[in-house]
Amino acid sequence: MAGPIYLDHNASTPIDPDVLETVLRVSRDTYANPSSIEHSQGAVAAKVVEQARSQIADFVKCKESEIIFTGGSTEANNLAILGAYPELEKTRRTHCITSAVEHPSVLACFESLEEKGARVTRLGVGEGGQISLDELSDALCDQTGLVSIMAANNETGVLQPIAEAARMSEAAGALFHTDFSQATAFVPLDLRNSSIHMASFSGHKAYGPKGVGALYRSIRKPRVKLHPVLLGGGQEKGLRAGTLNTPGIAGLGHAFALITENMKGDVKRIGALRDQLQAKLQQSISLQINGSNEARLPNSLSLTIDGVVPQALMQKLKDDLCFSASSACATEHVKTSHVLLAMFGETLRARNAFRLGLGRQTKVEDIPKIVDHFESATTELLRLRNG
């Protein structure tokens with residue numbers, strides 16, 4: 001018997017079967033510590049790590065030496081933001097800019113920097129979910145040392161104008177960081193002639209394993225100088241202490257190599273399914289689409305159904321559909337998403353929003369089933385609500 005249809009790819013993608021085989025093979029056969037290059041098995045493990053580094057560098061068009069392996073994008077975000085700050089203090093460029101809709105791991109880093117004396121500007125967003133480049137321009141000043149704007153939002157899928165924001169930041173003498181995690185599987189990234197100085201990635205957002213990620217750190221001018229946030233070892237050129245996760249890193253590299261092959265097809269096929277799902281839901285249910293229709297990942301759909309609380313909808317459909325009421329990183333607390341708050345304020349539209357994230361395993365025949373499930377559950381919940 002088939003299980004529920006999975007519509008939570010924004011929280012975590014299933015690991016690609018070929019990637020899983022790589023993780024299992026490396027776990028079984030390449031068990032030595034890749035830092036132990038003085039013996040043959042350690043040298044073999046080190047080669048596996050460097051092959052993955054090469055695969056990721058090929059994917060984002062950068063030098064292999066610019067890729068630092070981490071435990072995921074949360075750690076990569078911490079290393080980028082907290083790790084860059086000591087050098088900013090030396091140059092007295094302690095003004096930082098971010099947006100109000102960033103991932104919690106980015107927002108928490110800037111809160112920590114404020115405690116250290118940094119001045120942080122948080123750009124607002126309109127109802128479409130995008131920052132204003134004019135507002136960014138007004139915020140940039142001689143003291144601005146770091147700007148961090150995500151590529152795509154994990155709750156709405158809205159794309160930010162990071163290429164333009166990066167150029168503006170670099171022209172003002174500031175470093176530019178982007179959390180690219182959510183965009184990885186759908187948006188090409190060429191860092192060769194980019195004004196992006198740091199970018200964070202995570203395996204579980206891109207059909208790779210959980211618990212592994214990477215940070216791109218530019219070593220060209222302006223060279224990004226980072227201080228480690230994890231202490232105790234010399235791994236990753238002293239920037240990331242801890243034994244390298246060789247199987248996870250091998251899986252991450254393989255996953256990124258497969259994205260290169262699959263991206264165009266995924267964008268076209270999954271985007272068409274998302275558009276079909278959105279149109280059919282709008283025909284059958286009174287709802288609102290949250291975020292830009294144009295500047296959006298092809299798999300993402302943030303909805304608010306009039307008069308329906310998402311937690312009740314999730315409970316009603318738990319045996320049929322898997323989806324999220326808000327960011328998976330905040331599911332322990334039932335409160336309005338900070339992303340939707342920034343877009344719509346404390347409103348029912350924001351409070352009752354939920355997201356659907358399609359992926360490679362979503363099939364054409366799933367769409368009418370999804371629509372039927374939502375239509376019947378919504379009808380029943382509204383009937384109970386209205387007595």
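Which residues point one way from β10, and which the other way? Select β10, residues 300–305, to find that S300, S302 and T304 point one way, while L301, L303 and I305 point the other way, and that all are buried (buried means under 20% relative accessible area, exposed over 50% and partly exposed in between, with a 1.4 Å probe and protein chains only). Strands here are DSSP runs of E with at least two residues, and helices are runs of H or I with at least four residues, numbered from the N terminus.

Before going further, keep in mind that this is a predicted model, in which local features need pLDDT of at least 70 and side-chain atom pairs count only at pLDDT 80 or more, whereas totals for chains, interfaces and linings use all residues. Residues are numbered from 1 along each chain as its sequence is written, and side-chain values use heavy atoms, with hydrogens and water left out.

**β10 and its partners**

Because six of the six residues of β10 are buried, this strand is largely enclosed by the rest of the structure. Add β9, residues 287–289, which pairs with β10 in the antiparallel sense over three bridges (two strands pair if DSSP finds at least two bridges between them). Within this pairing, Q288 has T304 of β10 as its bridge partner. Next add β12, residues 353–357, which runs antiparallel to β10 and is joined to it by five bridges; here the bridge partner of S302 is R355 in β12.

From Q288, draw a distance to K318, which is 30 residues away along the chain, and the C-alpha atoms turn out to be separated by 22 Å. K318 itself sits in the loop between α8 (310–316) and β11 (321–322), and with a relative accessible area of 47% it is partly exposed.

**The seven-stranded sheet**

Now select the strands of the open sheet, whose seven members follow the order β2-β8-β7-β6-β5-β3-β4 with mixed pairing. At its edges are β2 (67–70) and β4 (119–123), each of which pairs on one side only. From one strand to the next, the twist averages 20° (axes are lines fitted to C-alpha atoms, for helices over the stretch in contact, and angles run from 0 to 180 degrees between N-to-C directions).

Inside the sheet, pick β3 together with β5, residues 144–148, to see two strands that run parallel and are joined by four bridges; T98 stands opposite S148 in β5. Then show α3, which lies across β2, β5, β6 (175–179), β7 (198–202) and β8, running at about 160° to β7.

**Loops with unusual backbone geometry**

Follow α3 (73–90) towards β3 (95–99), and the loop between them contains R92. R92 has a positive phi of about 60° although it is not a glycine, and at 71% relative accessibility this residue counts as exposed.

The loop between β8 (213–217) and α7 (246–284) is the next stop, and P222 is found there. The peptide bond leading from K221 to P222 is cis, with omega near 0°. K237 lies in the loop between β8 and α7 as well, where K237 has a positive phi of about 55° although it is not a glycine, and its 64% relative accessibility makes it exposed.

**α1 and its cap**

For the last stop, select D16, in the loop between β1 (5–6) and α1 (17–29). D16 is buried, with a relative accessible area of 15%, and it caps the N-terminal end of α1 through a side-chain oxygen that lies 2.9 Å from the backbone nitrogen of D18. Leaving aside neighbours within four places in sequence, D16 is in contact with Y207, L258 and R360 (contact means heavy atoms within 4.5 Å).

Extend the selection along α1, where V19, T22, V23 and V26 are buried. They cover an arc of only 95° around the axis, which puts them on the same side of α1 (the arc is that of the directions from the helix axis to the C-beta atoms). The buried residues of α1 pack against α2 (40–60) and α7, whereas the face turned away from the buried side carries the exposed residues P17, E21 and R28.

Notes. A polar contact is a pair of N or O atoms within 3.5 Å; within protein, one must be able to donate a hydrogen and the other to accept it, and residues adjacent in sequence count only if both atoms are side-chain atoms.
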